[in-house]
Amino acid sequence: MHGAAALSRGGDARWEQGDVLEYNSGTHTCRVRTHTGRPLNDVPQMKPSSGEYSHLRTGTTVVISYDLGFPMIIGTIDM
């Protein structure tokens with residue numbers, strides 16, 4: 001399986017897709033609703049380096065990882 005097809009088919013249960021509902025620029029976290037309907041609050045995003053943040057727009061589809069024991073946005077994906 002390649003690309004988004006692997007995510008939609010449950011290829012790795014530690015990752016899932018969601019949509020940004022709100023971005024908090026004060027904490028650089030997001031409120032996200034997963035594509036399975038679960039709400040997540042204060043989800044941090046992985047950064048390319050120290051001090052670099054991307055302001056994620058409402059409606060942006062993101063990939064969420066649970067590999068560190070908490071949800072974290074590891075990137076965006078165009079579907």
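**Entry 1. Pairing and the sheet**

I take two strands as paired if DSSP finds at least two bridges between them. The model I am looking at is a predicted one. With that rule I looked up aspartate 19, which stands opposite threonine 61 in E4. Aspartate 19 also stands opposite arginine 33, and that residue is in E2.

I then checked the strands themselves. E1 and E4 are antiparallel and pair over five bridges. E1 and E2 also run antiparallel, and six bridges join them. For glutamine 17 I noted valine 63 as the bridge partner in E4.

I looked at how the chain passes from E1 to E2. The two strands form a hairpin, and four residues lie between them. Histidine 28 sits in that turn and has a positive phi of about 55°.

**Entry 2. Whole chain**

I listed the elements and found one helix and five strands. Read from the N terminus, their order is α-β-β-β-β-β. The five strands make an open sheet in the order E3-E2-E1-E4-E5, and the pairing is antiparallel. Which strands stand at the edges? They are E3 and strand E5 (72–76); each has a single partner strand, so one side of each lacks a neighbour in the sheet. From one strand to the next the twist averages 45°.

I also wrote down the totals. The chain has 79 residues, and 28% of them are buried. Its exposed area is about 5,100 Å², of which carbon and sulfur atoms supply 49%. Of the contacts between residues at least 6 apart in sequence, 48% join residues at least 24 apart.

**Entry 3. Nonpolar core**

In soluble globular proteins, nonpolar side chains tend to be buried together. I therefore looked for the largest nonpolar core here, which has 10 residues: Val20, Tyr23, Cys30, Val32, Leu40, Val43, Leu56, Val62, Ile64 and Ile73. Strand E1 (15–24), strand E2 (29–34), E3 and strand E4 (61–65) each give two or more residues to this core.

I followed one core member, leucine 40. Leaving out residues up to four places away in sequence, leucine 40 touches Cys30, Arg31, Val32, Thr34, Ile64, Tyr66 and Pro71. Among these, Cys30, Val32 and Ile64 are core members as well.

**Entry 4. Threonine 34**

Leucine 40 led me to threonine 34, which is in strand E2. Is threonine 34 buried or exposed? Its relative accessible area is 3%, and the cut-off for buried is under 20%, so threonine 34 counts as buried. Its side chain makes a polar contact of 2.9 Å with the side chain of threonine 36.

Beyond four places in sequence, I found threonine 34 in contact with Glu16, Gln17, Gly18, Leu40, Ile64 and Tyr66. Gln17 in that list is the residue whose bridge partner in E4 is valine 63.

**Entry 5. Proline 39**

I went last to proline 39, in strand E3 (residues 39–44). E3 is one of the edge strands. The relative accessibility of proline 39 is 51%, and exposed means over 50%, so proline 39 counts as exposed.

What does proline 39 contact once neighbours within four places in sequence are left aside? I found Val32 and Arg33. Arg33 is the residue that stands opposite aspartate 19. Proline 39 and aspartate 19 are 20 residues apart in sequence, and their C-alpha atoms are 9.8 Å apart.

Conventions
Residues numbered from 1 in each chain as written. Predicted model: local features only at pLDDT ≥ 70, side-chain atom pairs only at ≥ 80, totals over all residues. Heavy atoms only, no water. Buried < 20%, exposed > 50% of the residue type's maximum accessible area, 1.4 Å probe, protein only. Contact = heavy atoms within 4.5 Å. Areas by Shrake-Rupley, 256 points an atom, 1.4 Å probe, with all protein chains shown as cover. Core = buried A, V, L, I, M, F, W, Y, C linked by side-chain atoms within 4.5 Å. Polar contact = N/O pair within 3.5 Å; in protein donor to acceptor, adjacent residues only side chain to side chain. Axes fitted to C-alpha atoms, helices over the stretch in contact; angles between N-to-C directions.
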